[in-house]
Amino acid sequence: MTVHGFITRPFALILTLAVSGLPAAPRVYAEACPGADIEALAWLDKMSRSLQEVNYHGVVTFQRGQELQAMQVSHSVVNGLVTERLTELTGQGAEVVRVNHPLECIHPGNRLLQLGAELQDGNCGVARYYRFSMAGGELVAGRQSVQIRVEPRDMYRYGYVMELDNETGLLLKSETIGQGDSILERFQFASLSYNHDTAPDGGTRLVHQAHHPEPEPRTLSTGGGRADWSVNWLPQGFTPTDRPGPGSERRTYTDGLAVFSVFLELLSEDIRPGEGVVRTGSTTSYTRGMHIAGIPVLVTVIGEVPLNTARMVADSVEEGH
Amino acid sequence: MSEMMRESLSALMDDEANELELERVLAKVAGDPELRQAWVRYNLVRAVAGGQHPAHPELDVSARVRAAVTGRVQGAAGLRQRFARPLASVAVAASVAATVVFGGQYLARMEAGNYGDQAVASSVSPVGLVNSLGATSVQASYGTQSVPVLQPATRTAYQELARQRLKKYMQEHAEHAALNSPNGLVPFARVPRIQE
């Protein structure tokens, strides 16, 4: 059953997969996807599931250049409903919460990392776009980890070095690697415990309820929701994260690891064509002033992708479907 | 029309309104014919007082300006801080509209070096895009008064646009990144300022 593009599965099946540890990978799958490290892909699968299913709370640091942020995160599952919380300990001190997110609501990005069954069908999925390999992990937040090195197979995405908890598969540390092996961004647990959330402390100045795309009946999607603009080029392996409503000014795409969004603004004034870029950490903000069917528009691509990707995506924006 | 709105409108024409006020006024102007009339009238008075002949006093420009303002107030405020108010001499309407269409001499005051590390050094577009160099200030008519609207011509201007759009859109992007990348809610850490 599919609701709004998200794959829903029987709850019991997910739990079964979660507790069964790493699936043994027959050799035949490896041959179907040359160069794919089956062990690494199994860990990736496990990581994606543990992100949803494991109860934990801890302190995370997030580093971009000279900037270091610290935040408290918690994740708890009660009766198949996930509650997540992120509280900034630095900067703004804002809090982001997501409550009662159904465990069986698997978004496209996570789905792309859960290759188990796909590999059997000869669909190499994310392994077609990245080369995954295992390496010895280090100690992160007091937990022994395994390391997965993720190397892009084309120029349209970044690489990653990920450390996963040796037992639970939880992503403990992730570095985004740009050109010349430079580290663009680093996310890392400083402390971590696996149990239910303790009551959040006070001092939060602002609480933001994380959004969730509105599920819409699939039957209505034919014909009715025709958008008046479209993105006509995507790097291979990127898929829409949701189904934008008619007239939506945003499109978001993911390959499972990287995400970028495209925004369109119709301008009331003419604009001289040009482009501008700002980059922070692994985030690229690329804005292009152009004309579509004679109408001046501003196309902005924001995401954790290289500039060239953003530019090519912006260049492919056209009128119509 | 309330006295307060009248004052706001007047302040708007006298370049004293801040951007937040401007947005509020324009929101009202859009839905209030009387207020719209007043907007045109003030424009007329101003243009005549300034020795300019109003070109099209009947022209309702508020919708246009409003469209330019909507959702861009934050960016405009950021711009202001950065410039230490060099835009004060320009009509507020123009300066706010300029968050969409802007550039030129005001931007030239920004020290390009400040952003050097984040800028992509003289990148050549593989898709055949040519960046225009040099800024020209052109006259754009907002109804009766002529206000300078500067076309985005310099790389710096577009870079500022990209910076504003990053602020504007990062949270919406993070909402989807949080559901579709393996870091949970951590993508929100990339949002410059989280809004409720």
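**A walk through chain A's sheet, helices and core**

Visitor: In the hairpin of β17(A) and β18(A), which residue takes a positive phi near 55 degrees?

Guide: Happy to start there, and please keep in mind that this is a predicted model. The hairpin of β17(A) and β18(A) has two residues between the strands. The residue there with a positive phi near 55 degrees is A:G281.

Visitor: And in the hairpin of β18(A) and β19(A), which residue takes a positive phi?

Guide: β18(A) and β19(A) run antiparallel and are joined by nine bridges. Their hairpin has two residues between the strands. The residue with a positive phi, near 55 degrees, is A:A293.

Visitor: Which residue of β19(A) does A:Y286 stand opposite?

Guide: Let's come at A:Y286 from β17(A), which runs antiparallel to β18(A) and is joined to it by seven bridges. Within β18(A), A:Y286 is the bridge partner of A:V277. Turning to β19(A), the residue opposite A:Y286 is A:V301.

Visitor: Which strands stand at the edges of the sheet?

Guide: The sheet is open, has six strands with antiparallel pairing, and follows the order β14-β15-β16-β19-β18-β17 in chain A. An edge strand here has a single partner, so one of its sides is left without a neighbour in the sheet. The strands in that position are β14 and β17 of chain A.

Visitor: Which residue in β16(A) does A:Y253 stand opposite?

Guide: Strand β15 (residues 250-254) of chain A runs antiparallel to β16(A), with five bridges joining them. In β16(A), the residue opposite A:Y253 is A:F260.

Visitor: Is A:S261 buried or exposed, and what is its relative accessible area?

Guide: A:S261 is found in strand β16 (residues 259-266) of chain A. Leaving aside neighbours within four places in sequence, its contacts include A:R250, A:T252, A:T300, A:I302 and B:H173. Buried means under 20% relative accessible area. A:S261 is therefore buried, with a value of 0%.

Visitor: Which side chain makes a polar contact of 2.8 Å with A:S261?

Guide: The contacts of A:S261 include residues of chain A, such as A:R251 and A:V301, and one from chain B. The polar contact of 2.8 Å joins the side chain of A:S261 to that of B:H173.

Visitor: How many residues of α3(A) are buried?

Guide: Helix α3 (residues 38-53) of chain A reaches 22 Å from its first C-alpha to its last, close to the 22 Å expected. At its start, a side-chain oxygen of A:D37 comes to within 3.0 Å of the backbone nitrogen of A:E39. The helix is mostly covered, and of its 16 residues the number buried is 15.

Visitor: Which domains of chain A does the largest nonpolar core lie between?

Guide: This core has 79 residues, and those with the most contacts inside it include A:L41, A:F132 and B:F188. α3(A) gives the most to it, with seven residues. Both domains give residues to the core, so it lies between domain 1 (9-210) and domain 2 (221-319).

Visitor: Which residues of α3(A) does A:F132 touch, including A:A40?

Guide: Not counting residues up to four places away in sequence, A:F132 touches residues that include A:D37, A:I148 and A:L257. Helix α3 of chain A covers residues 38-53. From that stretch, A:F132 touches A:A40, A:L41 and A:L44.

Visitor: How many of the nine residues of α6(A) are buried?

Guide: What covers the buried residues of α6(A) includes β13, β16, β17, β18, β19 and β20 of chain A. Among the buried residues are A:L307, A:R311 and A:V313. Helix α6 (residues 307-315) is mostly covered, and the number buried is seven.

Technical notes: Residues are numbered from 1 along each chain as its sequence is written. Chains are lettered from A and ligands numbered from 1 in the order in which they are written. This is a predicted model: local features need pLDDT of at least 70, side-chain atom pairs count only at pLDDT 80 or more; totals for chains, interfaces and linings use all residues. Side-chain values use heavy atoms; hydrogens and water are left out. Helices (H or I, at least four residues) and strands (E, at least two) are DSSP runs, numbered from the N terminus. The expected span of a helix is 1.5 Å times one less than its number of residues. Buried means under 20% relative accessible area, exposed over 50%, partly exposed in between (1.4 Å probe, protein chains only). A polar contact is a pair of N or O atoms within 3.5 Å; within protein, one must be able to donate a hydrogen and the other to accept it, and residues adjacent in sequence count only if both atoms are side-chain atoms. Two strands pair if DSSP finds at least two bridges between them. A nonpolar core is a set of buried Ala, Val, Leu, Ile, Met, Phe, Trp, Tyr and Cys residues joined through side-chain atoms within 4.5 Å. Domain bounds come from an automatic or database domain assignment. Contact means heavy atoms within 4.5 Å.
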